Amino acid sequence: MTEKDKPAGLTADDINHLLEQFEASDWRELDLRVGDTHLFVSKDGQARGIDRGPSATPAPPSAAAASVPEPATAVPPAPAPQTAAGAPDHWVAVKAPNLGTFYRSPKPGAPPYVEEGQTVEADTEVCLIEVMKLFTPVTGGVAGTVRRICVSDGEMVEHDQPLLYIEPA
Amino acid sequence: MPIRRLFVANRGEIALRVVRAAQSLNIETVLGVSAADRDGLGAETADRTVALGPAPAGKSYLDTRLVVHAALATGCDAVHPGYGFLSERAEFAKLCEDEGLIFVGPRPETIDQVGDKLRARELAQRNGVPLVPGSPLLTDANDAADAADELGYPVVMKASAGGGGKGMFVARSRDEIAASFERASNEAQSAFGDGSLYLERYIETARHVEVQILGDGEGGVWHFGERDCSVQRRYQKVVEEAPCAAMPEAVRTKLHAAAVDLAAGVHYRNAGTVEFLYDVDRQDFHFIEVNARIQVEHPVTEMATGRDLVACQLRMAGGEDLGLSQNDICIDGHAIEVRINAEDPSHDFRPSPGRITGWRPPTGEHVRLDSHCTADSLIPPFYDSMIGKLIVYGDDRTQAVQRLQTALDAFEIEGIATNLPLQRFIAAHPDFAANRIDTRWLEQTGLPAFAQDEDS
């Protein structure tokens, strides 16, 4: 994933991946330095955070990532690492079944399938994934409240990428 | 227009090979992977990696539309299909081109034409390339028996849509025809969705030889000499060499000309291989098929000619005139490749996916290793079992065989079973050293001797 001449560091993809694994683990904190990147993530609202002393003010209860280097390549950067960050444990991620283009509405100009805060059933269609003009609706798979929509309309998503989060009822 | 950003639509060693060739030409690379291949040397080496879909190939590497969508969405202008997977699917090449992507390979029509064995045989015939005496398409077992009587026994039944040895059965007398026909037809139907069969005369002592070609798409074709891939198991190549040391020069010259004529006849574009059976007793060769892709064994040709074939593919696909003259392409010395597979030759070649815990490949200036594996690679169970290719070079075949033995002895892989013990046994066998090999040697002599050696 890293360009071969770039100093060793973490790409946005790496961080996404780490965050996913961190989320799935029972670890409380992750403090990682790779090259010029320093990644600090905590599930603890009282965590010390980055560049703060042990007795510093509480960090916000979200994962914090700092000094992520911009990919030094002309290849378009991977989707922003906003996916898993800060989603509480009990929220359920609706993930992309395959690579494709993410659409929030059934057709251009139509209202989105769902908005943040909206209540959904397990079989409610929440978005579309398009592969070469073939549109496949994605259902949430769980009843609850849409808490976060992670991807913007028309963006390319990869297999297994979180698209939105539902807080189960 | 030169390729700017290349989508690599494959996995394993060939994906890495293509990425590196592209990088040597300053072409950006995007690798499409399945969920099982997210981590690995290919993903680490490519400029960008995107996850196509879940591990099963049908939902990732083999999904034509998904791969083209990924190439377009990542801003690529070309697609390299490697070998296997979508490499010889004409509809994939066509979809790429319809969407404005350069397909690094032959034209879709050519893939279609040479992919159908009967059409390929017609093509060979039209261009004066000798065929193994054979029948037209068979209607039923009676038709097959009559055709076999005419050709003379033994005969081999083949699937029209076939490949990889599937749907192929030998009949040594008229009595065996009915059973062979039924089995071949059923296997062809289930493997290719097409049960059509034809018959060929069966050559008792044959070598598998093939000619590497490169075409400019306008009738200009260069050859890069021949390879000998006679060490086979169930029609799968195990060891490959360049050149075919057992072939007299006069036959070799005719062989190269036949391959070039055939490819020129379709205005072949990009890299391909024309495969022949060499009848050792008659010193005569017969056309088998055309492989419309870069092949697994291309490195032996690269070692013997000093040419980077994958780079040639990319430059040609980008519209560059390679300025090649046939006289510039010289075969010098001898190269041998052995395929390293995650399979256990002591237990009926059962696949052995799992975690590699030790990986110490041989090194040296005459040794090349094409592999995506490292000391902690996970070999997923979903795909082909090949984990690498070891290639050695020598001034002549004798020296190459010696270097192969040394390199194989030094190669250590831990954590999973591999076919290294079998490859060491072959390399050290007197028949192999003396080049007394034919396409049935491994199954009839090599493997029984290997089993006996293991028991003792």
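In this predicted model, a good place to start is Val8(B), which sits opposite Leu31(B) of strand β2(B). The strand pair behind that match is β1 (residues 5–8) and β2 of chain B, which run parallel and are joined by 4 bridges. Helix α1 (residues 12–24) of chain B packs on the sheet there, touching β1, β2 and β4 (78–80) of chain B. The direction of α1(B) makes about 165° with that of β2(B).

Stepping back, these strands belong to an open sheet of 5 strands in chain B, with parallel pairing and the order β3-β2-β1-β4-β5. The edges are taken by β3 and β5 (102–103) of chain B; each has a single partner strand, so one side of each is left without a neighbour in the sheet.

Part of this region also turns up where the two chains meet. Here 24 residues of chain B are in contact with 19 residues of chain A. On the chain B side, the elements giving two or more residues are β2 (28–34), α2 (41–45), β3 (48–53) and α3 (64–73). By type, the residues on that side of chain B split into 11 nonpolar, 7 polar and 6 charged.

What about the chain as a whole? Chain B comes to 15 helices and 22 strands. Its C-alpha trace spans about 60 × 55 × 45 Å along the principal axes. For 456 residues, a compact globule would have a radius of gyration near 23 Å, and the 21 Å of chain B agrees with that. Of those 456 residues, 53% count as buried. Among the contacts in chain B with a separation of 6 or more, 65% are between residues 24 or more positions apart.

The nonpolar interior brings several of these pieces together. The largest nonpolar core holds 109 residues, and the members touching the most others are Leu163(A), Phe7(B), Val8(B), Ala78(B), Val79(B) and Ile213(B). Helix α1(B) gives the most to this core, with 7 residues. Beyond its neighbours within four places in sequence, Ile213(B) is in contact with residues including Val221(B), Trp222(B), His223(B), Val260(B), Tyr268(B) and Val274(B). There is also a second, separate core of 37 residues, which includes Ala304(B), Val401(B), Phe425(B) and Leu442(B).

Helix α11 (residues 309–317) of chain B is another well-covered piece: 7 of its 9 residues are buried, so the helix is largely enclosed by the rest of the structure. Those buried residues are Leu309(B), Val310(B), Cys312(B), Gln313(B), Leu314(B), Met316(B) and Ala317(B). They pack against α1, β4 and β5 of chain B, and also against β9 (206–216), β12 (269–279) and α10 (298–305) of chain B. Just after α11(B) comes Gly319(B), which takes a positive phi of about 90°.

Strand β6 (residues 155–159) of chain B is mostly covered too, with 5 of its 5 residues buried. Both faces are involved: Val155(B), Met157(B) and Ala159(B) are buried on one side, Val156(B) and Lys158(B) on the other. This strand, β6(B), pairs with β7 (residues 169–171) of chain B in the antiparallel sense over 3 bridges, and Val155(B) has Ala171(B) as its bridge partner in β7(B). A further 5 bridges join β6(B) to strand β8 (residues 197–201) of chain B, again antiparallel. In that pairing, the buried Lys158(B) has Tyr198(B) of β8(B) as its bridge partner.

Note on methods: Residues are numbered from 1 along each chain as its sequence is written. Chains are lettered from A and ligands numbered from 1 in the order in which they are written. This is a predicted model: local features need pLDDT of at least 70, side-chain atom pairs count only at pLDDT 80 or more; totals for chains, interfaces and linings use all residues. Two residues are in contact if their C-beta atoms, placed from the backbone, lie within 7 Å. Ala, Val, Leu, Ile, Met, Phe, Trp, Tyr, Cys and Pro count as nonpolar, Asp, Glu, Lys and Arg as charged, and the others, Gly among them, as polar. Two strands pair if DSSP finds at least two bridges between them. Axes are lines fitted to C-alpha atoms, for helices over the stretch in contact, and angles run from 0 to 180 degrees between N-to-C directions. The radius of gyration is taken over C-alpha atoms; the globule rule is 2.2 Å times the number of residues to the power 0.38. A residue is buried if 20 or more other C-beta atoms lie within 10 Å of its own, exposed if 12 or fewer, and partly exposed in between; C-beta atoms are placed from the backbone. A nonpolar core is a set of buried Ala, Val, Leu, Ile, Met, Phe, Trp, Tyr and Cys residues joined through C-beta atoms within 7 Å.
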